[in-house]
Amino acid sequence: MNRWFALIPIVALLAVGVFLMVQLNTLSGAPGQGRSYKPDALVGQPIPLTVLPILQGDVETDQRLDLKTAGVGKPMIVNLFASWCAPCRLEHPQLLKLKGQGINVVGVAYKDDPIATRAFLDELGDPYALVLVDREGRAGLDLGVSGVPESFAVDAYGTIVAKSSGPVLTDADLQKLVDALKAPAR
């Protein structure tokens, strides 16, 4: 009889696990459930005109710039990152490769403190031509990000031509963004 009582916590734990998995599938829009989140919804659209302060040293300045003019008529990669984001650390070497290739990378410090952002960049290297401060997550909302890191390839006309959700970890992932920048205008 005591053995059966020992199984009760295990059965309860399994039941909770099954319940949580069902809930996660429902929230994430599992196939057949009318998923409404479209990760590439902005591809082919102009980058939103989100105006953010510029990071200078470890402070945000009074000078503000919108994402569209951040590239100044050149193709760019817009990368949303944060110092508290572990996957951002993993993708950082790929962003440094972009800088080495002469590709304009604009960083958006998403929901981050400027002091922490600067410490992150000082520790790992700064791949960005410019860093904008998005303390409240406004750019994230405008771009429809699901979390950081996310990267957007933006052509010289300010049109989003590709998006990468999650960290860019491989050379192949990186090349997809670079190739999108080099594709002829549509």
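This report describes the surroundings of His92 and helix 3, together with one residue of the nonpolar core, in a predicted model.

His92 belongs to helix 3, which spans residues 86–100. Its relative accessibility is 1%; because the limit for a buried residue is under 20%, His92 counts as buried. The helix has a kink of about 40° at His92, shortly before the proline Pro93. A polar atom of the His92 side chain lies 2.6 Å from the backbone oxygen of Gly125. Gly125 is also among the contacts of His92 beyond four places in sequence, the others being Phe120, Leu121, Leu124 and Pro127.

Besides His92, the buried residues of helix 3 are Cys88, Glu91, Gln94, Leu95 and Leu98. Strands and helices are both found among the elements that cover these buried positions, as the table sets out.

| Covering element | Residues |
|---|---|
| Strand 3 | 76–81 |
| Strand 4 | 104–110 |
| Helix 4 | 114–124 |
| Strand 6 | 150–154 |
| Helix 6 | 171–182 |

After helix 3 comes Gly102, with a positive phi near 80°.

The largest nonpolar core holds 45 residues, and within this core Val78 and Leu80 touch the most other members. Beyond four places in sequence, Val78 is in contact with Ile47, Leu67, Val106 and Val108, and also with Glu150, Ser151, Phe152 and Val154.

Technical notes: Residues numbered from 1 in each chain as written. Predicted model: local features only at pLDDT ≥ 70, side-chain atom pairs only at ≥ 80, totals over all residues. Heavy atoms only, no water. Helix = DSSP H or I, 4+ residues; strand = E, 2+ residues; numbered from the N terminus. Buried < 20%, exposed > 50% of the residue type's maximum accessible area, 1.4 Å probe, protein only. Polar contact = N/O pair within 3.5 Å; in protein donor to acceptor, adjacent residues only side chain to side chain. Contact = heavy atoms within 4.5 Å. Core = buried A, V, L, I, M, F, W, Y, C linked by side-chain atoms within 4.5 Å. Bend = angle between axes of the 7 residues up to and from the residue.
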